[in-house]
Protein chains: 2
Amino acid sequence: MGMNYSRISDWILGEDSFDPAHLGKCEAVMSLGNGYMGLRSATEEQYLGETRDLLVAGSFNKFDPDEVTELPNAADVTAITLWVDGERFSLDQGTSSGYSRELNIRTGELTRRVRWTSPGGKHILFSSRRIVSLARQHDIAMTVSVTAEENDVALKIRSGINARMTNTGSQHFSEGEKRFYDRKYLQLVERTTQSGIDFVINAVHRFSVNGDAVALPADVNIDRRIIYADYTVALKAGECLTLEKYANVHTTRDLDYAGPDVRALQVQSLASLRESESMGYSALAAESAAAWAEQVWDTTPIEIEGDERSARDLFAVRFAQYHMRVFVPSHDNRMNIGAKGLSGEGYKGHCFWDTEIFLLPYYMFSDPPAARKLEEYRYLSLPGARRKAAENGYRGAMFPWESAWLDDGETCPLYAGTDILTGLPIKVWSGIIEQHISADVAFGAWQYGVICGDTDFMERYGYELIMDTATFWASRLDKGTDGLYHINDVVGPDEYHEHVNDNAFTNYMAHWNLCKALEYADKLKRESPALYERLDSRLDIESNCPKWAEGAEKLYLPQPTAEHILPMDDRFMQGEYIDLSKYKAQDFVGGIMKDYNLEQIQKLQVCKQADCLVLFYLQEDLFSPEVRKASWDYYVERTLHDSSLSLSTHAVMACDMGEEAMAYELFRKSCEIDLGPVMTTSDSGIHAASFGGIWQCVVFGFGGVRMHGGELRINPLLPKNWTRLGFTLIWQGEKLHVVVTGDSVTVKNLTGGKQVTLTVNGEKVTV
Amino acid sequence: MGMNYSRISDWILGEDSFDPAHLGKCEAVMSLGNGYMGLRSATEEQYLGETRDLLVAGSFNKFDPDEVTELPNAADVTAITLWVDGERFSLDQGTSSGYSRELNIRTGELTRRVRWTSPGGKHILFSSRRIVSLARQHDIAMTVSVTAEENDVALKIRSGINARMTNTGSQHFSEGEKRFYDRKYLQLVERTTQSGIDFVINAVHRFSVNGDAVALPADVNIDRRIIYADYTVALKAGECLTLEKYANVHTTRDLDYAGPDVRALQVQSLASLRESESMGYSALAAESAAAWAEQVWDTTPIEIEGDERSARDLFAVRFAQYHMRVFVPSHDNRMNIGAKGLSGEGYKGHCFWDTEIFLLPYYMFSDPPAARKLEEYRYLSLPGARRKAAENGYRGAMFPWESAWLDDGETCPLYAGTDILTGLPIKVWSGIIEQHISADVAFGAWQYGVICGDTDFMERYGYELIMDTATFWASRLDKGTDGLYHINDVVGPDEYHEHVNDNAFTNYMAHWNLCKALEYADKLKRESPALYERLDSRLDIESNCPKWAEGAEKLYLPQPTAEHILPMDDRFMQGEYIDLSKYKAQDFVGGIMKDYNLEQIQKLQVCKQADCLVLFYLQEDLFSPEVRKASWDYYVERTLHDSSLSLSTHAVMACDMGEEAMAYELFRKSCEIDLGPVMTTSDSGIHAASFGGIWQCVVFGFGGVRMHGGELRINPLLPKNWTRLGFTLIWQGEKLHVVVTGDSVTVKNLTGGKQVTLTVNGEKVTV
């Protein structure tokens, strides 16, 4: 079967043939959303193995006390079953031609089209359109059109609201009221079992034949967890029936939920549905497309020119921008970004260090208010971080490795997968000992404050985040027999090595964190005594400062070997070297886990991602070029990129190393994580951080942009096949347009509010 | 598509073509089981819309506080996915020939067979066999064979244990341990969320090619709620691969569960699986078939001879016997029979009056130990019945309308369906005011005691059931202005009329209950003073007796009209008469609910089932032949048989009326409830009570058997097309073989333990 799900032209991601054996890919990569909710792009007709997710940001629920909270899969409104003269419309039966499914990332609209001949020989032309409105955060709108080609057909259509959805079997909702109003409007209420969030979901259908409205009587059926209507219509040859379906989703967790109870929401949401219905699909779609232009494409456009490959490169970075808008809950500072965005159930909607290290840069430079919301989320989850520290015998703020709702605390599951040798479940240590997250959060807050020039943020939230994580580190250090402090028994970003001591990434980031707290304490005491006093009363800076200082001074910082290689930890370089080419050649990740169990892998020189290199990227001044180069060569050989985060960092690093060809190759691979031909990569959702990584490849890697020591720097290195790269950056409130060609860099200040000084290829420039 | 799911020959129910649009029918009617568990006969390959239920008797769980308990859908072991050269085996694709699926009710084995050509043109012969062992209550065994016809094929097989199953979306289990042992044995533990029952499910696969065992390496995968293995094998043309899969199910609710915790069960059940595996499929199947012969077919055989239709009639009653063995939990007196047996999620596994009125007769006459277990269940649930009485302000035992686990109390849901006019959910009143169940339970206990001659039962349990329900009735009567007692605001068996007063069925059954308690109190006081004293100390007979007597004496008993018609209640005959022919012609039940809401139906002369007639059947001496005849004519015209219980009672009554042709027609319709051509009737499970009804049609109706006034009576009336009817009855411990022909009745005492006196066609006979 010919499969080309990633036909790409201009703004369109398309597939030209349909393979029911691989539904997950398009469901995820073509998913729709607006930050409030994400909707997988499952087909209208149903197939075995589909995953029909509707996820509302922040609506976490815990199935039972032994599970962690996750984003529950809300009731589905997208399934529409069609019978043509009694035969169910399904592309694995009969014959199809002219198939296409397209996501237009410029407008956020999903369309499908196919000519279908039923097994019984009836011909129809099927087409559909669907949006999740970017202008109305609660709204989903869709159309299905059926044209009777050549023959009369009797159509039966079933459509409604289905709350039988689960998260791979876990049901997060109790049934609430199911109602219909005016024999027309369907409403279903469901409540999360543990967090007690009521969801109100409404839907209404409207029909027309050849453009003229027709009133089809609804045969309404209500059963357990489901409400739907059946409609029948006889079409003459040449006639076209169009069904418009308007649906909306509200929850009692919404910021705009006014109370007092769900009944108010039932009334209000129904009124809102009537309004959307009266606008009609085209107007809603146009309004949403305008929001896409305004919020994304006109604000921070990216241009790439070059050879025939460059169009695909441009699409990849725009596609990253598309998804980064789809999954960012910029409307609500109580939420963050899940590792799979809102496009699937993978990682349960939890956020990780991915936000600070991989995604935050995009938002800081493109959508500062969204970036601020993400940082505020960390501030609002400080109570949980402090509780986690206390529970582990530490002080200050120890951030959860996996974070969900504000007061959920650590949500990393205790077990995942199965040991291939023993048959026993594998313990996940990240929630306990993957501790670098606390420094990453501090690093993100600092970056945000500098890049966005947001002193209000720093004063309200940023200093506190940096200082209280420093307090955690000071309390967490282990005194060694050498008189130095060590950080023992951790797992670094390279999760193939657990229970290591002195992971370089962790130690240097902790060191940075302690130093940054000291620096700010000193600065605030001198420059902002009132603020200092307020913070001191909350964080006891006076007595913590000496501890930060002692920690920073005596923390053991791993040093390069004689061969200039920075040891990843106290153990890695003594491990066994093995040939990784078998695993590098596999078209799926984690293949090594089928041959070795984790205990065995820990004794090998193999990296999931090389965390030393990530350290070089975040703190580029720590080591000499010799150390960076030698370490690069050493670790790249030993790295499997079994984390989707790995490729893009390596691509940016390759640019820094001047290795343009390798950078481009890694960038392409990075794009292929979701856009590549492997059909199973995105089954449980797209890779949110990798989209941040793709943008970083382009802007930080090839564009050479970096915030360095509080200043903006641009050292571009275009791939050979690009002739021109243009992008827009928001730097401390000023919008800069940067154009890079083979031999020039042009920077324009589009805002012109104040002068911006930056370094371009080593020279200071003011715009 | 040609559809003939009910090809019937001898002991075989077969379908010759497969329609994926109607999966529910065969899943249910061909379901397997052994009273411990029921397994829907879903196909190995999966289809959209399938319902893959594995229900373990008595394992009730409540999804959330607002739902009632139900039998949870346990992890599935039956799904086996097969890829032929990469193409998924599925009968809605490619082309098939020679399809058959057969249930052999004599052996309890399900088999399938089909030649399939993949869309890509590969030919295979697929066949499968499956049993739920009647000899080993925890065991499921199955085989799948694939023969490479004409071409070599590469096969991939996926099989395991899938705990993502739900009850129409409600997940009743928390995940427990998932393990594999020896890279071969799969084990999954799950625990019901509220009742805390651990289920341990094991499975193992064994392979052979052309009969020679082969060891295929298992690629084991463990994910959320699922554990499975993938196997691959290359078959040369002409080779046949056979997969044997052995599985078993144990729970911590099992009587034979010894504790101390689930781990013991994990060990023990795995050992048991190894034993079954070592026996092999054929031996397990033969052992189970032998149990079928011993427990059912050799014990209480039924023979029917006559014209060509009689073979189908014979199959229908054997089919009833088959299912009555499949769903009766005769191993455990803490369980009863669900309205859908163990073949589907309908009615949530709850038992109703169906047990006493429709099913108990079969077990009393065919399997007295099973009947006793069902009656003991009622005794064990007395605490709940007493609580229900107390909660409603009454005394004694008020049995739940719907009963599940012993201490669940009333489990009738509060709402079901939706009002077609208002769009609001419909309140189910049965749990509150369908009160005849308490008299039905007493009636069942009395019948069991007499028919099975079980004085031990009566002394331990029976008298108490009869007396404490009498106490309930005495406390529940409403004093009228006429000085009489009335039973106001009830719903009788005819549930189309709610909130009626003086429902004839209810009043007469309550009256019987009061009188029977008085009779026994009097008898025991005289004949068994020690027993009387023990009962008196528990039930306070002394002070209750006068209340029973007053109730019995002053209870208003509806009387026939001048036209000899018994009024069903105080309202029915004043209702509006409408023409029901539209609804009688519909091939689905409940059609009137699409035109009228319940409030409107209550004002019409329309019966779901005519409960007067059920009363005539249970208490045949109450009224004169004139009244019985006039009432029969009146109600039959007004009855829609919208309850599956209705047809068989009416058939038996028709025999009593001498209306042989109508009796036969109603009997046939009764058989068609599950065996008929309408493909949706059994989606949520077979109709347990209707199987009891079918047996009653044959033995009580055409066979003319009745227990009357404590004596056995036989007044046969064979259908015109039957020449001979033979059946076996167990009467007070003696096994009687009865043969009825057109002009003779022969009764033989097969046991010969003691003489049995009975009345045959009005004449006393002793055998």
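Me: Which residue in strand 30 of chain B stands opposite B:Leu712?
Reply: In this predicted model, B:Leu712 has B:Leu758 across from it. The strands concerned are strand 26 of chain B and strand 30 (residues 757-760) of chain B, which run parallel.

Me: What makes strand 26 of chain B and strand 30 of chain B count as a pair?
Reply: The rule asks for at least two bridges. Strand 26 and strand 30 of chain B have three bridges, so they pass.

Me: Which residue of strand 31 of chain B is the bridge partner of B:Leu758?
Reply: That would be B:Val765. Strand 30 of chain B and strand 31 (residues 763-766) of chain B share four bridges, this time in the antiparallel sense. The two strands make a hairpin with two residues between them. In its turn, B:Asn761 has a positive phi of about 45°.

Me: What joins strand 25 of chain B to strand 26 of chain B?
Reply: Four bridges do, between strand 25 (residues 705-708) and strand 26 (residues 711-714) of chain B, and the strands run antiparallel. B:His708 sits opposite B:Glu711 there. These strands form a hairpin as well, again with two residues in between, and B:Gly709 in the turn has a positive phi of about 55°.

Me: Why are strand 7 and strand 17 of chain B called edge strands?
Reply: Look at the order of the open sheet, which is 7-6-12-18-17 in chain B, with antiparallel pairing. Strand 7 (87-88) and strand 17 (219-223) each pair on one side only. Inside that sheet, strand 12 (residues 153-162) and strand 18 (residues 226-235) of chain B pair over ten bridges. B:Ser159 has B:Ala229 as its partner in strand 18 of chain B.

Me: And in chain A, what puts strand 3 and strand 5 at the edges of their sheet?
Reply: The sheet is open, with three strands in the order 3-4-5 and antiparallel pairing. Strand 3 (32-33) and strand 5 (54-56) of chain A have a single partner strand each, so one side of each has no neighbour in the sheet. Three bridges join strand 4 (residues 37-39) of chain A to strand 5 of chain A. One spot to look at is A:Leu39, whose bridge partner in strand 5 is A:Leu54.

Me: Why are helix 16 and helix 18 of chain B called oblique to each other?
Reply: Helix 16 (residues 611-618) and helix 18 (residues 646-656) of chain B pack at about 55°, with axes 10 Å apart. Roughly parallel needs an angle under 35 degrees, and roughly perpendicular starts at 65. The angle of about 55° falls between those limits, so oblique is the word. The crossing of these helices is left-handed. On the helix 16 side the contact is made by B:Leu613, B:Val614, B:Phe616 and B:Tyr617, and on the helix 18 side by B:Thr649, B:His650, B:Val652 and B:Met653. By class, that gives six nonpolar, two polar and no charged residues.

Me: What makes helix 10 of chain B oblique to helix 12 of chain B?
Reply: Try the test again: helix 10 (residues 455-476) and helix 12 (residues 529-539) of chain B pack at about 45°, with axes 11 Å apart. That angle makes helix 10 of chain B oblique to helix 12 of chain B. Their crossing is right-handed. Helix 10 brings B:Glu459, B:Arg460, B:Tyr463, B:Glu464, B:Met467 and B:Asp468 to meet B:Leu531, B:Arg534, B:Leu535, B:Arg538 and B:Leu539 of helix 12. The contact divides into five nonpolar, no polar and six charged residues.

Me: How many aromatic pairs are there over all chains?
Reply: The count comes to 80.

Me: Why is the pair of B:Trp292 and B:Tyr322 called stacked?
Reply: Ring centres have to lie within 6.5 Å to pair, and planes under 30 degrees apart count as stacked. Here the centres are 5.0 Å apart and the planes are at 15°, so the pair of B:Trp292 and B:Tyr322 is stacked. B:Trp292 is in helix 3 (residues 281-297) and B:Tyr322 in helix 4 (residues 308-326) of chain B, so the pair ties together parts 30 residues apart in sequence.

Me: What is omega for the cis peptide bond joining A:Gly259 and A:Pro260?
Reply: It's about 5°. A:Pro260 sits in the loop between strand 19 (240-251) and helix 2 (262-279) of chain A. In chain B, the bond from B:Gly259 to B:Pro260 is cis too, with omega near 5°.

How values were computed. Residues numbered from 1 in each chain as written. Chains lettered and ligands numbered in written order. Predicted model: local features only at pLDDT ≥ 70, side-chain atom pairs only at ≥ 80, totals over all residues. Heavy atoms only, no water. Axes fitted to C-alpha atoms, helices over the stretch in contact; angles between N-to-C directions. Left-handed = near helix turned anticlockwise from the far one by under 90°. Contact = heavy atoms within 4.5 Å. Nonpolar A, V, L, I, M, F, W, Y, C, P; charged D, E, K, R; others polar. Phe/Tyr/Trp six-rings, centres within 6.5 Å; stacked < 30°, edge-to-face > 60°. Parallel < 35°, antiparallel > 145°, perpendicular 65-115°, else oblique.
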